[in-house]
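Biologist: I am new to this structure. Could you take me through it one question at a time?

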Amino acid sequence: MTKPPLTLYLAAPRGFCAGVDRAIKIVELALTKWGAPVYVRHEIVHNKYVVDSLRAQGAVFVEELDECPDDRPVIFSAHGVPKSVPSAAQARNMTYVDATCPLVSKVHIEAERHHEAGLQMVMIGHAGHPETVGTMGQLPDGEVLLVETIEDVAGITPRDPAKLAFITQTTLSVDDTAGIVAALQARFPSIIGPHKEDICYATTNRQAAVKQIAPKIDALLVIGAPNSSNSKRLVEVGRAAGCGYAQLIQRAGDIDWRALDGIRAVGLTAGASAPETLVNEVLDAFAARYDLTTEIVETAVESVEFKVPRVLRIPA
Ligand code: 2E6
Ligand code: F3S
């Protein structure tokens, strides 16, 4: 039986960002340095494949510091933690390594700086997401007001509307955030914003690639986990750019082949926490069913790298 023709547009950049790469390396180096078990507070990054493979090497994933013994090292996930978490680890004399992405830490520092200058913060982010919880937890309760939507802007009650600054989660939709920022500026004309976007380079670049691909395709697949904010945003960006079928999949087994029946062009990308192995698995699954032509759509070249903390650097 002859296979139907299909063009697959592969987004570039896609998959691992510098912060994810660093966080995974931190767990691996910690296992080499201290042996198993090494505890990790929260999924190091939001990907089951990554978490399962580190678990197989001896990492133990927990949600709270209370679940860790005093005498084993603990690593804080790439999403960041409230200030109370390292404080509690210090109080217990624990060895800990912070794998918070440096671009998330930068937002933490921004929040502190504005707080010290007497400003109350507005955070644009998703309630309950660990990055939002971690960033809000850099300041005392009540010092950070959360807005998730344009509608939320009308509902906040700042202490002094003339003394406000805003920060954002790093993985938001660039376009949706611009709308929320405009609403904040309209209601609070003197609000201070970041010098440069808090949305990170990896989020921005992956969304730009999807926008470029969207007009060419009948369907978009995004490899990523259901709890991965940046991956979910890629699905939304695809839909907003006119792609009628845009779906999040964890791996090849999740593809709904019946939904793809009759399509001639498909787009493929991967969230910042999804390993390239899973991209290759999906490409193989398409090649098995279709006479496949793959075209790479490259909208940026990334060269960002972050060093691991000194304690884990191998002496030269
Ligand atoms: C840390 C900060 C931002 O859900 P989210 O997109 O935040 O997280 P992951 O783990 O899917 O992506 C990487 C990341 C880590 N992004
Ligand atoms: Fe950092 Fe952005 Fe990745 S905040 S972990 S570089 S998605």
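Biologist: What volume does the largest cavity have?

Modeller: This is a predicted model, and the values are computed from it. The structure holds one cavity of 30 Å³ or more. The volume of the largest cavity is about 320 Å³.

Biologist: Which residues lie closest to the centre of the largest cavity?

Modeller: The lining of the largest cavity is made up of 25 residues. Of these, the closest to the centre are Cys17, Val20, Thr170, Thr171 and Asn230.

Biologist: Which element gives the largest share of the lining of the largest cavity?

Modeller: Two or more lining residues come from each of helix H1 (18-34), helix H4 (102-116), helix H8 (201-213) and helix H9 (229-240). With four residues, the largest share belongs to H8.

Biologist: How many residues of that lining are charged?

Modeller: The lining of the largest cavity has 12 nonpolar residues and 11 polar ones. The charged residues number two.

Biologist: Which residue does the UniProt annotation "active site" cover?

Modeller: The annotation comes from an unreviewed UniProt entry. The residue in question lies in helix H5 (residues 130-136). The "active site" annotation covers Glu131.

Biologist: Is Glu131 buried or exposed?

Modeller: The relative accessibility of Glu131 is 3%. A residue under 20% is classed as buried. Glu131 therefore counts as buried.

Biologist: Which residues does Glu131 touch?

Modeller: Residues up to four places away in sequence are not counted here. Two residues that Glu131 touches, Thr170 and Thr171, are also among those closest to the centre of the largest cavity. The full list for Glu131 is His79, Val104, Gln169, Thr170 and Thr171.

Key: Residues numbered from 1 in each chain as written. Chains lettered and ligands numbered in written order. Predicted model: local features only at pLDDT ≥ 70, side-chain atom pairs only at ≥ 80, totals over all residues. Heavy atoms only, no water. UniProt positions renumbered as here; feature names shortened; annotations may be inferred. Buried < 20%, exposed > 50% of the residue type's maximum accessible area, 1.4 Å probe, protein only. Contact = heavy atoms within 4.5 Å. 1 Å grid on protein atoms, 1.4 Å probe; cavity = no way out; pocket = protein on both sides within 12 Å on 5 of 7 lines; lining within 4 Å. Points joined across faces, edges and corners; volume = space filled by probe spheres on them. Nonpolar A, V, L, I, M, F, W, Y, C, P; charged D, E, K, R; others polar.
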